[in-house]
Amino acid sequence: MKAKKTKLALWICAIVVLLVASILVPSVQKTETIQVTMRDAVLHETNRISLFGIKDVNPALISAMVVSGILLVFAVIVRIFVIPRFKMVPGKFQMLLEQAVDLFDGMAKSNSPGRSGFLGAYIFTAGAYIFIGTLFELFGIQAITTEGSPITLPAPLSDVNAAIAMGCFSYLVILGGGIAYNGFKGVGSTLKEFSLPISMSFRLFGALLSGLLVTELVYYYVNLSFVLPVIVGVMFTLLHALIQAYVLTMLVALYFGEVSEKQEPKKKKVKAEAEN
Amino acid sequence: MNIPLNIDWQQILLHVLNFVILFGGLYFLLYKPVKNFMAKREAHYAEMAQKAQSELDSAEKIKADYQEQLKSVEGEISAKRTEAQKELDRSVQQQLSDAHAQADKIVADAQKDAARVHDKMIADAQKELTELAMEATKKLVYKDGDPYDAFLDQAERGEPNA
């Protein structure tokens, strides 16, 4: 009991000392105003990162590559060390993997029965990329800009280029599904939803950017950096990650199913009605 | 051309390239193997279920056969019981008729014996009566000696009543 009290007292002392120190110690002079920070978070005009010395790119592209790298390394490790040891009665980790695969496979099957193979794999990847990519900003991985200042890598999809890439590529996948299963009619029904790539892109961009802006705002002011980031950073990011992954995958599955659905020829219908 | 929001087509393509690489990697390394394993397990359990179902079906068939056999055995038992009952009834009937016949014979024999005894008794009685009558007659006749002698005596004496 006494030992517990001592540990508690030490912990509280450490918090108080760090709090006082962080307030008293002067911070580095701000190099940019909040307006500039926010504007740069949206437009990425100032803080750019060199891509292997070939080209200066937005930090989100580096984030996207890091996220992909993490996911691929994880997949390789799982493929080599975990999947060969899969059991008929699954353990906790096996259950988690199976649930993840089954969730997207089930979503693909329910929306596009009979043509769910590619769709399931696509929405699985998109879901994993959006979820992990959104959580990625929580880790605060640092990179050096071309100007030599450090920058925290943002979520990949908080960059409009990444969001447009995701939205347009998803639209192309839907269009591909329409062509593969319905030919010219599939193209027609996909092109009918011409606003889809824009809506998907900007939905992702808006959702992720809002999170980024709130985080930037919170971290810009030292006084807001206590306690608040726990709620703003962790809770909001987790919710974002789940909601955005679910929304995009669900939309892609839904539209893919719609355009790849076999359509009855109208003439036959008329004939059948006439015969009746 | 200055595109609003700092949109960069090259970076968009790089993002797409990055995503396509990720898609291929995750598909071959994670999605497909896990899905294959799940399909294999599903097939395994389906096979087990099918095997169990076929065993259940064969067990049901055996049960039905046994029940059929049991039913036929019950029918057989019932038939044999009926037959045994008939046999018993027939036997009882036979015994009864034998007993009746025997009783009739006994009665007939008894009646015959009784008749014979009766006849014999009557004959004996008649004979005895005859003898008694003869004896009595004799006694009456020979009360006064031998009548013939008496006749002869009377005749010798010349009596008219002789």
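The following paragraphs look at aromatic ring pairs in this predicted model.

A pair of aromatic rings is described by the distance of the centres and the angle of the planes. Across all chains, the count comes to 16 aromatic pairs. A good place to begin is the pair formed by Phe118(A) and Phe23(B), whose ring centres are 5.5 Å apart. With 70° between the planes, the arrangement of Phe118(A) and Phe23(B) is edge-to-face, as the angle is over 60 degrees. Phe118(A) belongs to helix α5 (residues 117-139) of chain A, while Phe23(B) belongs to helix α1 (residues 9-141) of chain B, so this pair joins two chains. The two partners fall into separate accessibility classes: Phe118(A) is partly exposed, with 41% relative accessibility, whereas Phe23(B), with 16%, is buried.

A second edge-to-face pair is found within chain A, between Phe202(A) and Phe205(A). Here the centres are separated by 6.2 Å and the planes meet at 85°. Both residues sit in helix α8 (residues 196-220) of chain A, where a spacing of 3 residues amounts to about one turn of the helix. Phe205(A) is buried, at 6% relative accessibility, because a residue under 20% is assigned to that class. Phe202(A), by contrast, reaches 37% and is partly exposed.

Returning to Phe118(A) and Phe23(B), both rings take part in a wider cluster linked by ring pairs. From chain A, the cluster includes Phe104(A), Tyr122(A), Phe124(A), Tyr129(A) and Phe169(A). Chain B contributes residues including Phe19(B), Tyr27(B), Phe28(B) and Tyr31(B).

Note on methods: Residues are numbered from 1 along each chain as its sequence is written. Chains are lettered from A and ligands numbered from 1 in the order in which they are written. This is a predicted model: local features need pLDDT of at least 70, side-chain atom pairs count only at pLDDT 80 or more; totals for chains, interfaces and linings use all residues. Side-chain values use heavy atoms; hydrogens and water are left out. Rings of Phe, Tyr and Trp (its six-membered ring) pair if their centres lie within 6.5 Å; planes under 30 degrees apart count as stacked, over 60 as edge-to-face and the rest as tilted. Helices (H or I, at least four residues) and strands (E, at least two) are DSSP runs, numbered from the N terminus. Buried means under 20% relative accessible area, exposed over 50%, partly exposed in between (1.4 Å probe, protein chains only).
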